[in-house]
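Let's work through a few exercises on a protein chain. Keep the structure open beside you and try each task before reading its solution.

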Amino acid sequence: MFSFCSDPASLEGFQWLSCYLTTGKHFAFYASFGTVLLLLAVTAPAALAFGFGGAMAARAQFAPLSWLGKAYIAVVRGVPDIAFFLFFVIALDQGIEYLRHQVKCPDWDAPVRQGNDFVVCDIAKMPLSSSDQWIHEVYGFTLAVVTFAIVFGAFAANVLFGAMRAVPRAQIETAEAYGMTHRQAFWRILVPQMWTYALPGLSNLWMVLIKATPLLFLLGVEDIVYWARELGGSKTARFTDYPHGDWRMWYFLGLLVFYLAFTKLSEVVLERIRTRLSHGQATLAGEAQRKAS
């Protein structure tokens, strides 16, 4: 912080604004943008892994496994995202604490479920009340990543399942005629070709995932929405050295610009990936590339 910020009451104009924007809470606000980007960087491959596993299960020849994959896709896609987020995080958190409670407190004789309260012994809580703040934040962030991955993994599974079926059957038959096993044809022929069919759906899913990151606020993670509401609300001189009116509109306008810029960047990158994947493929985009060359 600047040296002249020691007496905020004597500041005005640009100096006041520069000091206001360099407070500790504002640096936490700036860091929360990194939290959102980290969530996307971790959740996207995790959701894709869930989706690929769900798609493979759904098309499996073993009936119970196929039913499990299709049930995962249908159930998660059929539940509103916000309901699943709120339910699953609570259920997962309580499930972890219950298992720890059974192991660490075997002599506990009181019921765990007491009316609307879920009560476990102190050493079974996750995380412990004595844990550092960063442990609480990492735990909450991890629950958020798992929840995001499961929810968006179901949508990705539906996209990939359709993409696998879109690959011409003749490609597989040709591979098998050359002596490839079913497994070899899957990994060498089907999987490389399915991405060009899956990319439009995955692109839309990526955009939806970006727009869903404010749900971190509902999961207790101090994300950009949390700090925008916290910093933008009216502040009086009694509670802060930098009193101001209701500035939430300006903070959320900044979030609007951030999300629009990020989605535009995503569109550019995804378009380049689409062009790369279409090269040599028996699709309209691939045919257009061949004619252009």
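**Exercise 1: Tyr-226 and its ring partner**

Tyr-226 has 22% relative accessibility, so it counts as partly exposed (buried is under 20% relative accessible area, exposed is over 50%, and partly exposed lies in between, using a 1.4 Å probe and protein chains only). Before we go on, note that this is a predicted model, where local features need pLDDT of at least 70, side-chain atom pairs count only at pLDDT 80 or more, and totals for chains, interfaces and linings use all residues. Residues are numbered from 1 along each chain as its sequence is written, and side-chain values use heavy atoms, with hydrogens and water left out.

Task: Work out whether Trp-227 is buried or exposed, and what kind of aromatic pair Tyr-226 and Trp-227 form.

Solution, step by step:
- Trp-227 has a relative accessible area of 10%, so this residue is buried.
- Now the ring rule: rings of Phe, Tyr and Trp (its six-membered ring) pair if their centres lie within 6.5 Å, and planes under 30 degrees apart are stacked, over 60 edge-to-face, the rest tilted.
- The centres of Tyr-226 and Trp-227 are 5.1 Å apart and the planes make 80°, which gives an edge-to-face pair.

**Exercise 2: Another ring pair**

Task: Find how many aromatic pairs the structure holds, then classify the pair of Phe-27 and Tyr-30.

Solution, step by step:
- The count of aromatic pairs is 17.
- For Phe-27 and Tyr-30, the ring centres are 5.9 Å apart and the planes stand at 90°, so this pair is edge-to-face.
- Both residues sit in helix α2 (residues 24-58), 3 residues apart, or about one turn of the helix. (Helices, H or I with at least four residues, and strands, E with at least two, are DSSP runs numbered from the N terminus.)
- Phe-27 is partly exposed because its relative accessibility is 47%, and Tyr-30 is partly exposed because its value is 36%.
- Ring pairs also tie Phe-27 and Tyr-30 into a cluster, whose members include Phe-33, Trp-206 and Tyr-251.

**Exercise 3: Two helices meet**

Task: Describe how helix α6 and helix α7 pack: what is the angle, and which residues make the contact?

Solution, step by step:
- Helix α6 (residues 169-177) and helix α7 (residues 182-212) pack at about 140°, and their axes are 10 Å apart. (Axes are lines fitted to C-alpha atoms, for helices over the stretch in contact; angles run from 0 to 180 degrees between N-to-C directions.)
- From α6, the contact uses Gln-171, Ile-172, Ala-175 and Glu-176; from α7, it uses His-182, Ala-185, Ile-189, Leu-190 and Gln-193. (Contact means heavy atoms within 4.5 Å.)

**Exercise 4: Look around Thr-263**

Task: Say where Thr-263 is found, and which residues Thr-263 touches.

Solution, step by step:
- Start with the helix: Thr-263 belongs to α9 (residues 248-278).
- Thr-263 is buried, because its relative accessible area is 17%.
- A polar atom of the Thr-263 side chain lies 2.9 Å from the backbone oxygen of Leu-260.
- Leaving out residues up to four places away in sequence, Thr-263 touches Met-207 and Ile-210.

**Exercise 5: A cis peptide bond**

Task: Which residues does the cis peptide bond with omega of about -15° join?

Solution, step by step:
- Most peptide bonds are trans.
- The cis bond here joins Met-126 and Pro-127.
- Pro-127 is in the loop between β2 (117-118) and α5 (133-166).

Definitions and conventions: A polar contact is a pair of N or O atoms within 3.5 Å; within protein, one must be able to donate a hydrogen and the other to accept it, and residues adjacent in sequence count only if both atoms are side-chain atoms.
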